Each structure stands twice: as structure tokens, then as C-alpha cells.
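Q: I'm new to this one and would like a close look at a single part. Could you start from one residue in a loop and work outward through the sheet beside it?

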Amino acid sequence: MIAKIPLENFLIIDIETVSEQPDLNSLSQTWQKLWQEKVERSLPENITVEEYYPQRAGVMAEFAKVVCISLGYFKKEKGQYQLRVKSIYNIDEKELLKTFIQTVDQLEANHNQWNFTGHNIKEFDVPFLCRRLLINGLPIPSYLDFQNMKPWETNMVDTFQFWRFGDYKNYTSLKLLAAALNIPSPKDDIDGSMVGDVYWKENNMERIATYCQKDIVTVANIVCRFKNLPLLGEEHIVFVK
């Protein structure tokens, strides 16, 4: 399927999420109990519920929030494709989500043939966004509402699912897939496990956005590999403020 989609129809997205509070004790008693009920059956040995909170709360939509959404799309300039990358970030999650929807609405108004593209977006990014939209009292736009659609009816391209080729036994991370396809890995300043600390201890949103943008570039190059196209050089990537 990827081979048949024009490059300008890929809208690459990636989100960064953190726990809603820096530690378990910052939650109300009710939410501390809800956390314990959520994780007690899956808690690793020798780890307390308090220790588990900063490790896992950031990927559970009930206990987390979105702090950064990066977008990337291909645009032809002077006969060559450029990848344009933009990040939206805000400590106010509701405002962040509103800005994201407004941005995608503008894209939708000008070009409605695009496909949400990313690594594991079917099981993480898109469901997470939908849950947080509801929690924040915001409507889910039609282009994100895939609940009652058949897989072939959705405008989503998931490089994780594509790489499976029908094999559902294993998980392949973005970093591993990029290495397998000989895509140069950027010198990462941080990794996903550090995003919570960068947010809560450093309050460095720009650092999180830079990390998120690198994933956009990696997914874009994976798309190029799947389409048997040359990889993007630095001169083909434009970061938009």
C-alpha cells in the first residue's frame, strides 16, 4: 500500500506524553488508589506502586497527558521533495490539543487525501490522542475517529504494522527498524524513557520537541525505504517554527 501513496499524501505524526503529576504522592488519595488498582496485577517484582508510577504512568492515557505533537509532510520544491517538520508543545494540554486540531483542520481544508503516518500510531498515538481529547472535553474530529472503521477504510499508515507483514508475534521499535533498514540514527540527546524527567525536573519543552522531531525524520526515511526512494539528506529537511 505504501508504494502506491504519493509522498505528499503522508502526514507523519508523533506525540510525547508524560505523567500528569511528577510522582504518585502528588495525586489525590482517590487517584492513588486508582493507580494501585490499575497496576497491581502487572507490577514487576521488587518494584513498588510508587516507583512504578514515573516509569509507566506516562504511557497510560488515564494518568498521563500530551506535551508535544510533531508533524511532518513532504512538499515538492524546485523538482525535489522537502520534508517540513513542525512541533506543537504546551504545558496546557487542552490548548495544545486545540492547536493540533486547528492545524490539521487547515491541512484538511487544503488537501484531504493525506494519511496519518507514524510508528505504532494505531495502537498508541491515535488512541491516546482520542482519549485525551475526550478527557479534556474536546470533540474527536472525524479524521481521528476510526472506532467503527474496517482496517482498509482508515487513512492511517503505520510503519510498525506494515513491517509485521502479517506476523503478530513480535514488537519492533522505531530505533530497531531504522537500524535494520540502514537508516542513520540521529545522535539522540534523550530517549523516550527520559521525557518525563526532562519535563518535570528541567521544564525543557524545546528539548522534548527536538527529540520528537527526530522521530518524524526517522519515520519519513522509513517511508522512503518502503518506496525504494533515496533517503532524505539534511538539505531536504526544513524545521518550521
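A: Let's start with Asn-120, which has a relative accessibility of 13% and so counts as buried, the cut-off being under 20%. Keep in mind that this is a predicted model. Asn-120 sits in the loop that links strand E4 to helix H4 (121-135). What does Asn-120 touch, once neighbours within four places in sequence are left aside? It is in contact with Asp-125, Asp-158, Phe-160 and Tyr-171.

One of those contacts, Asp-158, leads us straight into the sheet, as it stands in E5 opposite Gly-118. Strand E4 covers residues 115-118, and three bridges join it to E5, with the two strands running parallel. Step back and you'll see that both belong to an open sheet of six strands, ordered E5-E4-E1-E2-E3-E6, with mixed pairing. Strand E5 (156-158) and strand E6 (237-240) are at the edges; each has a single partner strand, so one side of each has no neighbour in the sheet. On average, neighbouring strands here are turned by 25° against each other, if you ignore direction.

Now move from E4 to E1. These two pair in the parallel sense, again over three bridges, and Leu-11 stands opposite Phe-116 in E4. How many of the residues of strand E1 (residues 10-19) are buried? The count is 10 of the 10, so the strand is largely enclosed by the rest of the structure. E1 also pairs with strand E2 (residues 64-77), this time in the antiparallel sense and over nine bridges. If you want a spot to look at there, find Glu-16, whose bridge partner in E2 is Cys-68.

Speaking of cysteines, how many disulfides does the structure hold? Zero. Take Cys-130: the closest cysteine sulfur belongs to Cys-212 and is 17 Å away from its own, which is too far for a bond. Cys-130 is buried too, at 13% relative accessibility. Cys-224 is likewise in no disulfide, and for Cys-224 the nearest cysteine sulfur, that of Cys-212, is 18 Å away. With a relative accessible area of 2%, Cys-224 is buried.

While you're here, have a look at a pair of helices as well. Helix H1 (residues 29-39) packs with helix H2 (residues 49-56) at an angle of about 85°, and their axes are 11 Å apart. Angles from 65 to 115 degrees count as roughly perpendicular, so that word fits H1 and H2. On the H1 side, Trp-35, Gln-36 and Val-39 make the contact, meeting Val-49, Tyr-52, Tyr-53 and Arg-56 in H2. Sorted by class, that makes five nonpolar residues, one polar and one charged.

The loop between H1 and H2 holds another asparagine, Asn-46. Is Asn-46 buried or exposed? It's exposed, with a relative accessible area of 78%. Its backbone is worth a glance as well, since Asn-46 has a positive phi of about 65° although it isn't a glycine. You can find a positive phi at Asn-182 too, about 60°, and that residue isn't a glycine either. Asn-182 lies in the loop between helix H6 (174-180) and helix H7 (195-202), and its relative accessible area of 59% makes it exposed. That brings us back to where we began, with Asn-120 buried in its loop.

Note on methods
Residues numbered from 1 in each chain as written. Predicted model: local features only at pLDDT ≥ 70, side-chain atom pairs only at ≥ 80, totals over all residues. Heavy atoms only, no water. Pairing = 2+ DSSP bridges. Helix = DSSP H or I, 4+ residues; strand = E, 2+ residues; numbered from the N terminus. Axes fitted to C-alpha atoms, helices over the stretch in contact; angles between N-to-C directions. Buried < 20%, exposed > 50% of the residue type's maximum accessible area, 1.4 Å probe, protein only. Parallel < 35°, antiparallel > 145°, perpendicular 65-115°, else oblique. Contact = heavy atoms within 4.5 Å. Nonpolar A, V, L, I, M, F, W, Y, C, P; charged D, E, K, R; others polar. Disulfide = S-S within 2.5 Å.
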